[in-house]
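Biologist: I'm new to this structure and would like to learn how to read it. Could you walk me through it?

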Amino acid sequence: MDAKALKRLLREGEHLRLECKRARGGVPNSIWETYSAFANTSGGTILLGVHENVGESDPAKRFEIVGVDDVAKLRNDLWNMLNNPQKVSDNIINSDNGIEVVDVDGKAILVINVPQAEFEQRPIFINDNPLKGSYRRNHEGDYRMQRPMISMMLRDAAKEGNDGAILEHYTMDDLDIQAIKAYRNRFGSINDPDHHWLSLDNKEFLTHLGGYKVDRGTGVEGVTVAGMWMFGKGLYIRDLFSHIRLDYIDYSNCVGEQRYSDRLTYDGRWENNLFNFMTMVLPKLALMLPRPFKMEGVVRIDDTLQHKAVREAFTNMIIHGDLMINGLLRVRKYDDRIDFTNPGLLKLSVEQIFNGSETVARNPHIQGMLRMIGYGENIGSGIPLIVKAWADKGWPRPEIADRDDLMQTTLTLRLPKDLLGQDDVAKDVVKDIVKELTERQVIILKIMAFEPRISSRQMSQRLSVTARSIQRDIAHLQQLHLITREGGKTYGNWLVQEHVIKALKDKREDK
């Protein structure tokens with residue numbers, strides 16, 4: 001960093017990844033809370049020798065460069081404290097460029113570049129006390145982490161994962177045999193119908209998968225956490241893991257006051273294990289995606305890279321979910337996106353994830369079970385596959401975000417406003433659909449194209465028909481994917497896809 005870059009940083013103001021300290025009397029005590037917070041969040045920069053005028057809103061006036069005295073001593077004191085285990089749990093500052101001195105108009109500024117700690121190192125804590133000395137960063141500053149988040153980080157640091165423990169007193173009788181049977185069938189079709197594991201009974205089969213285990217030291221045996229989550233009966237899963245729910249909600253194609261068009265949650269009609277959840281929800285998601293007509297011999301092949309990406313996103317949600325904290329394994333389907341949410345914060349930075357950096361699944365045994373039946377790419381290639389699949393179609397880049405307050409992570413796959421607009425065949429489909437519309441429905445489309453914020457009540461007044469008739473027409477147009485609604489009922493607007501506008505124009509010229 002040079003003086004120009006430092007001034008540019010200050011113009012942006014103190015934020016999530018920047019903290020300024022006056023430091024005229026030596027190393028300030030509060031620096032260590034910020035060090036811990038940056039290390040446990042996404043890294044950041046600490047500037048010593050910059051005074052912040054808290055009451056000043058103008059960034060140009062808020063930060064005053066005052067410099068530090070005896071910069072060599074200050075730097076030496078910092079290194080000594082960083083390497084004192086009673087002060088900080090781990091020194092993660094790069095020895096080459098982690099601490100820099102920048103001269104700004106003759107004043108020395110000490111720049112401390114704190115990286116995000118690796119998940120094996122977290123939590124980074126101070127004063128030899130992880131419960132009281134672990135911090136995270138938000139836009140308001142540094143805050144002390146609560147016990148559940150600290151426990152999550154300590155679990156993440158352990159390479160064995162969260163799902164291998166034996167559940168004492170839970171036996172094969174507590175599992176859904178139909179789910180195991182369906183899994184075995186898929187296992188045989190994906191791998192080899194003559195695979196020697198398929199000749200084993202269910203108990204031995206699950207032992208090979210990590211779903212059942214015998215502790216040789218104690219003789220204790222039973223279903224593992226992974227085995228129960230994948231194949232357990234819903235009643236026992238809810239008893240053991242009452243803090244976690246499986247939930248699927250479809251908010252797409254809602255008509256009128258309808259809150260959602262489909263939902264799958266605990267309702268007593270299915271065994272609520274992960275295998276059943278996946279096999280019931282994935283086909284629902286696949287219906288959103290276009291399927292090309294492609295033949296191999298006499299067999300139609302309609303699985304696309306985008307379908308694989310959705311399966312990968314679903315798998316990612318499960319294997320990285322922290323099953324030990326309160327939360328939801330939830331899939332939400334909208335007209336323009338799919339959200340996959342799991343409990344637990346990201347173990348790597350967003351940049352590392354998109355670059356395909358290797359991480360360790362929180363649930364490696366479940367990961368292995370899913371990989372055996374074709375779900376889940378090789379380590380580190382899952383998110384890049386999703387990104388490529390979406391980029392190949394020109395669709396918006398996938399997004400990943402975690403929320404400290406909810407201790408959850410969401411992967412969002414955004415979709416075009418209307419998937420019918422993707423190719424020349426779709427253009428013809430739209431043209432044919434428009435030809436079959438009533439005259440009033442065509443007029444509604446034209447009005448929406450020029451007045452996207454118009455309400456159904458206003459349209460009913462303009463066309464001299466009942467609001468209910470307009471609502472039926474709008475519902476029909478939505479079901480045909482000719483229009484979508486962006487925003488809420490009161491302040492939202494209508495979106496008419498370009499192919500529809502072109503088809504309306506062609507229809508008028510034909511006349």
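Biologist: Let me start with the empty space inside. Which element gives the most to the lining of the largest cavity?

Modeller: The general idea is that rolling a probe the size of a water molecule over the atoms shows where empty space is left. Keep in mind that this is a predicted model. Here α2 gives the most to the lining of the largest cavity, namely three residues. Both α2 and α4 (71-82) are elements that give two or more residues to that lining.

Biologist: How many cavities of 30 Å³ or more are there, and what is the volume of the largest cavity?

Modeller: The count comes to one cavity of 30 Å³ or more, and the largest cavity has a volume of about 50 Å³. Its lining is made up of I31, W32, Y35, I46, L78, L82, I93, I99 and I112.

Biologist: How do those lining residues divide into nonpolar, polar and charged?

Modeller: Nine are nonpolar, and there are no polar and no charged residues in the lining of the largest cavity.

Biologist: On to the cores. Which residues have the most contacts inside the largest nonpolar core?

Modeller: In soluble globular proteins, nonpolar side chains tend to be buried together. In this model the largest nonpolar core has 71 residues, and Y183, W229, L285, F314 and F340 are those with the most contacts inside it. Take L285: leaving aside residues up to four places away in sequence, L285 touches Y248, V310, F314, V331, K333, I338 and F340. There is also a second, separate core of 26 residues, with L78, I99, I112 and I124 among them.

Biologist: What about a single helix? Which residues of α5 are buried?

Modeller: An α-helix has 3.6 residues a turn, so residues three or four places apart point the same way. Helix α5 covers residues 147-157, and its buried residues are M149, I150, M152, M153 and D156. Looking down the axis of α5, these fall within an arc of 160 degrees, so they line one face of the helix.

Biologist: Which exposed residues sit on the face of α5 turned away from its buried side?

Modeller: That face carries R147 and L154. As for the buried residues of α5, what covers them includes α2 (31-40), β7 (135-138) and β8 (141-144).

Biologist: And the whole protein: how many helices and strands are there?

Modeller: The protein has 19 helices and 20 strands. Of its 511 residues, 47% are buried. Its C-alpha atoms fill a box of roughly 85 × 70 × 40 Å along the principal axes.

Terms used:
Residues numbered from 1 in each chain as written. Predicted model: local features only at pLDDT ≥ 70, side-chain atom pairs only at ≥ 80, totals over all residues. Heavy atoms only, no water. Core = buried A, V, L, I, M, F, W, Y, C linked by side-chain atoms within 4.5 Å. Buried < 20%, exposed > 50% of the residue type's maximum accessible area, 1.4 Å probe, protein only. Contact = heavy atoms within 4.5 Å. Helix = DSSP H or I, 4+ residues; strand = E, 2+ residues; numbered from the N terminus. Arc of directions from axis to C-beta. 1 Å grid on protein atoms, 1.4 Å probe; cavity = no way out; pocket = protein on both sides within 12 Å on 5 of 7 lines; lining within 4 Å. Points joined across faces, edges and corners; volume = space filled by probe spheres on them. Nonpolar A, V, L, I, M, F, W, Y, C, P; charged D, E, K, R; others polar.
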